[in-house]
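Here is a friendly walk through one model, written for someone who likes to see cut-offs next to claims. Have the viewer open as you read.

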Amino acid sequence: MSDTSRRPRKPGKPYRRPRKDPVRILAFEALRAVDERDAYANLVLPPLLRKARESGEFDGRDAALATELVYGTLRRQGTYDAVIAECVDRPLRDVDPPVLDVLSLGVHQLLGTRIPSHAAVSATVELARVVLGDGRAKFVNAVLRKVAQHDLDGWLERIAPPYDEDPEDHLAVVHSHPRWIVSALWDALGGGRAGIEELLAADNERPEVTLVARPGRATTDELLCEDAAVPGRWSPYAVRLTEGGEPGAIEAVRDGRAGVQDEGSQLVALALANASVDGPDERWLDGCAGPGGKAALLAALAAERGASLLAAEKQPHRAGLVARALHGNPGPYQVIAADGTRPPWLPGTFDRVLMDVPCTGLGALRRRPEARWRRRPEDLDGFAPLQRGLLRTALESVRVGGVVGYATCSPHLAETRAVVADVLKQFPEAELIDARPLLPDVPNLGDGPDVQLWPHLHGTDAMYLALIRRTAP
């Protein structure tokens, strides 16, 4: 029997049905999918929004609010959990997950938006009545009224340890990152409080949508005709949509002539394409091509030079995504489902090779905020053999005088410099080349020869790139 069927009836006060709020119900459904199915919000939310718009429930402002509620709640989950823990009389693990999701949505409205406190509490309690029942809605109401007694700064003073006593834990609570990720990012940055605070804050900002005009198929001028579109910062093929927008509504994106691609990802492909090679420049390989963004840009660049691209992806369904991204490319290309650690091609076949290896994804926490709560330090051990194996394959697959690009969407030193250093120790027939001159307009690229991009310095995902030349058979 549900809570609502046992509700007390007060004399003279008829029962009022809870008001259904489509925006908050949709946000709750998205959070439940993330929690129950380990789904990613950037995959779950778009179809939910599209269905709501097509049914007439949503307009543009509703979609924007739902998006903010979902992503804002996920980004600040660690901080909000610490706040909620101070306001309940039991360990958080004993709070039912659906209740915790409703509470987190309410806390975000109270502490992370400009929604007035009374409206945030009222709307969240109504949501609780709809999705949880009246009994648990009373619990939600009591907790949120405690939360509303302080603003975010006030709560941080209460729940975060002083920086001088425990810097990493202080930053973890204030900026809502697991402590181990704070430590890893700090090591990759090289120390200093200002830089790590700026990086963690940037991870909690909503990134702009960035498009790529695929050479020979679309132009940036065409994309700049869209509303609120401005040129990219670094890539000559990038266009940023400063007010979000729906990329799927853009003709060039629908046709596959342009795509959604972070500027850091574009720069990795451009640097590899612009590196000098000794001898012919006819055969290119993307050895970990899924889902196809870098492969589509590389294939277009290769077509301009009369070269061909082979795009290999181990997972057949992801190989299908690659094929869709490359469909219509003006030059020759081939997409295959193949394991990059056991390649079907002969050694020394290619002039240029990109290996954008599977990794923890710690460089894309702006786009996939839930990943920070799913990843564990032991995940690094799981990726390490694969990353080293793929880089060895890349070096074996390139001919003498050719160039390999090793890339990750993670700045963790165990996935970047440690991998490159270990493999090069075993592969004396190769040497690092300086990647920085190949990104001539991009500042703050460090001491080299490799390149680490950062959200707070470059406005990109934290992409890493090492360029390696094969020097001997």
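Let's begin with Y406, which is buried at 0% relative accessibility (buried means under 20% relative accessible area, exposed over 50%, and partly exposed in between, with a 1.4 Å probe and protein chains only). A word on the ground rules: this is a predicted model, in which local features need pLDDT of at least 70 and side-chain atom pairs count only at pLDDT 80 or more, while totals for chains, interfaces and linings use all residues. Residues are numbered from 1 along each chain as its sequence is written, and side-chain values use heavy atoms, with hydrogens and water left out.

**Aromatic rings**

The structure contains 2 aromatic pairs. Rings of Phe, Tyr and Trp (its six-membered ring) pair if their centres lie within 6.5 Å; planes under 30 degrees apart are stacked, over 60 edge-to-face, and the rest tilted. One pair is W345 with F350, edge-to-face at 5.9 Å centre to centre and 85 degrees between the planes. Both W345 and F350 are buried. Y406 and Y464 have ring centres 6.4 Å apart and planes at 70 degrees, so this pair is edge-to-face. Y464 is buried too, with a relative accessible area of 2%. Because Y406 sits in strand β9 (residues 398–408) and Y464 in strand β12 (residues 464–470), the pair ties together parts 58 residues apart in sequence. Helices (H or I, at least four residues) and strands (E, at least two) are DSSP runs, numbered from the N terminus.

Two arginines also meet tyrosine rings. A charge sits over a ring if NZ of Lys or CZ of Arg is within 6 Å of the ring centre and within 35 degrees of the ring normal.

| Charged residue | Ring | Distance to ring centre |
|---|---|---|
| R193 | Y163 | 3.6 Å |
| R368 | Y40 | 4.1 Å |

**Helices α1 and α6**

Helix α1 (residues 22–37) has 16 residues and should span 22 Å at 1.5 Å a residue, and its end C-alpha atoms are indeed 22 Å apart. The expected span is 1.5 Å times one less than the number of residues. The buried residues of α1, including F28 and R32, pack against α2 (41–54), α3 (60–75), α5 (97–112), α6 (117–131) and α17 (371–374) (contact means heavy atoms within 4.5 Å). Just after α1, D38 takes a positive phi of about 55 degrees.

For α6, the expected span of its 15 residues is 21 Å, which agrees with end C-alpha atoms 21 Å apart. Its buried residues, among them E126 and R129, pack against α1, α5 and α7 (134–147). G133 follows α6 with a positive phi near 105 degrees.

**A strand pair and some loops**

In strand β6 (residues 308–313), 5 of the 6 residues are buried, so the strand is largely enclosed by the rest of the structure. Strand β5 (residues 283–286) pairs with β6 in the parallel sense over 4 bridges; pairing requires at least two bridges found by DSSP. Here R283 stands opposite S308 of β6.

Which peptide bond has omega near -5 degrees? The cis bond from G448 to P449 does, and P449 lies in the loop between β10 (430–433) and β11 (451–452). That loop between β10 and β11 also holds N444, whose phi is positive, near 55 degrees. N444 is partly exposed at 49% relative accessibility.
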